[in-house]
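Student: Got a minute? I'd like to go through this structure with you.
Tutor: Sure. Put it up and ask away.

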Amino acid sequence: MVEWSNQYVLGVCSMDETHKEFVRILNNAIAAVNNSDFYEHCQEILHHTYNHFEGERLMMVDCGVSSRQDHIVEHNRVLAEMEHMFARPKEAKKYVMEGIPAWFHTHATTLDSELARAILEKQKT
Ligand SMILES: [Fe+2]
Ligand SMILES: [Fe+2]
């Protein structure tokens, strides 16, 4: 399970809400790894992640954050990885329980945090 904590609060409401929802969906999937509907949970993660990343892409364009190219490449990499892993039931379990939580931690505290800082900076001007 991923525990929501203050380190994930970036100060941009829409990002924080999306990330909270992501953690909720991810935790539901983790709780369901041995259930017959696990695949549906994986699809929910994928669907949510598409929208999550598209929302951030629009924010990156809007605020012109310097890391946007790396950030978009990373989003595309993760989407491709999710599609690849979710098509493989055995690997998908470990990926949902360990891979995605580790990725989320790093991503939220680096690239997403940088994006949030750029948005908050722009709001000041
Ligand atoms: Fe994000
Ligand atoms: Fe991101």
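Student: What covers the buried residues of α4?
Tutor: This is a predicted model, so keep that in mind throughout. The cover includes α1 (13-31), α2 (38-63), α3 (68-86) and α5 (111-124).

Student: Which residues of α4 are buried?
Tutor: Ala92, Val96, Ile100 and Ala108.

Student: How far apart are the ends of α4?
Tutor: Its end C-alpha atoms are 29 Å apart. The helix has 21 residues, 89-109, and at 1.5 Å a residue they should span 30 Å, so the two values agree.

Student: Where does α4 bend?
Tutor: At Tyr95, by about 50°.

Student: Let's pick one residue. Where is Ile100?
Tutor: Ile100 sits in helix α4.

Student: Why does Ile100 count as buried?
Tutor: Because 24 C-beta neighbours lie inside 10 Å of Ile100. The cut-off for buried is 20 or more.

Student: What is Ile100 in contact with, leaving aside neighbours within four places in sequence?
Tutor: Leu26 and Tyr95. Leu26 is 74 residues away from Ile100 along the chain, yet their C-alpha atoms are separated by 8.2 Å.

Student: Which residues make up the largest nonpolar core?
Tutor: There are 11 in all. They are Phe22, Leu26, Ala29, Cys42, Ile45, Met82, Met85, Phe86, Ala92, Val96 and Ile100.

Student: And which elements give two or more residues to this core?
Tutor: α1, α2, α3 and α4. There is also a second, separate core of 9 residues, which includes Val12, Met15, Ala118 and Ile119.

Student: Why would nonpolar side chains be buried together?
Tutor: That is a general tendency of nonpolar side chains in soluble globular proteins.

Student: New topic: α3. Which of its residues are buried?
Tutor: His71, His75, Met82, Met85 and Phe86. These buried residues cover an arc of only 105° around the axis, which puts them on the same side of α3.

Student: Which residues are exposed on the other side of α3?
Tutor: Gln69, Val73, Asn76, Arg77, Ala80, Glu83 and His84.

Student: What do the buried residues of α3 pack against?
Tutor: Against α2, α4 and α5.

Student: How many residues does α3 have?
Tutor: It has 19. From first C-alpha to last, α3 reaches 27 Å, close to the 27 Å expected at 1.5 Å a residue.

Student: What about Ile72? Where does it lie?
Tutor: Ile72 is in helix α3 too. It is partly exposed, because 16 other C-beta atoms are within 10 Å. Ile72 and Met60 are 12 residues apart in sequence, and 9.0 Å apart from C-alpha to C-alpha.

Student: Zooming out, how many helices and strands are in the chain?
Tutor: 5 helices and 0 strands. From the N terminus on, the elements run α-α-α-α-α.

Student: What is the radius of gyration of the chain?
Tutor: It is 15 Å. The globule rule gives 14 Å for 125 residues, and the two are close, so the chain is as compact as a globular protein of that length. Along its principal axes, the C-alpha trace spans about 50 × 25 × 20 Å.

Student: How many of the residues count as buried?
Tutor: 22% of the 125 residues.

Student: Last one. What share of the contacts with a separation of 6 or more comes from residues 24 or more positions apart?
Tutor: 71% of them. The pair Ile100 and Leu26, with their positions 74 residues apart along the chain, is a good one to find in the model.

Methods:
Residues numbered from 1 in each chain as written. Chains lettered and ligands numbered in written order. Predicted model: local features only at pLDDT ≥ 70, side-chain atom pairs only at ≥ 80, totals over all residues. Helix = DSSP H or I, 4+ residues; strand = E, 2+ residues; numbered from the N terminus. Expected span 1.5 Å × (residues − 1). Bend = angle between axes of the 7 residues up to and from the residue. Buried ≥ 20, exposed ≤ 12 C-beta atoms within 10 Å, placed from the backbone. Contact = placed C-beta atoms within 7 Å. Core = buried A, V, L, I, M, F, W, Y, C linked by C-beta atoms within 7 Å. Rg over C-alpha atoms; globule rule 2.2 N^0.38 Å. Arc of directions from axis to C-beta.
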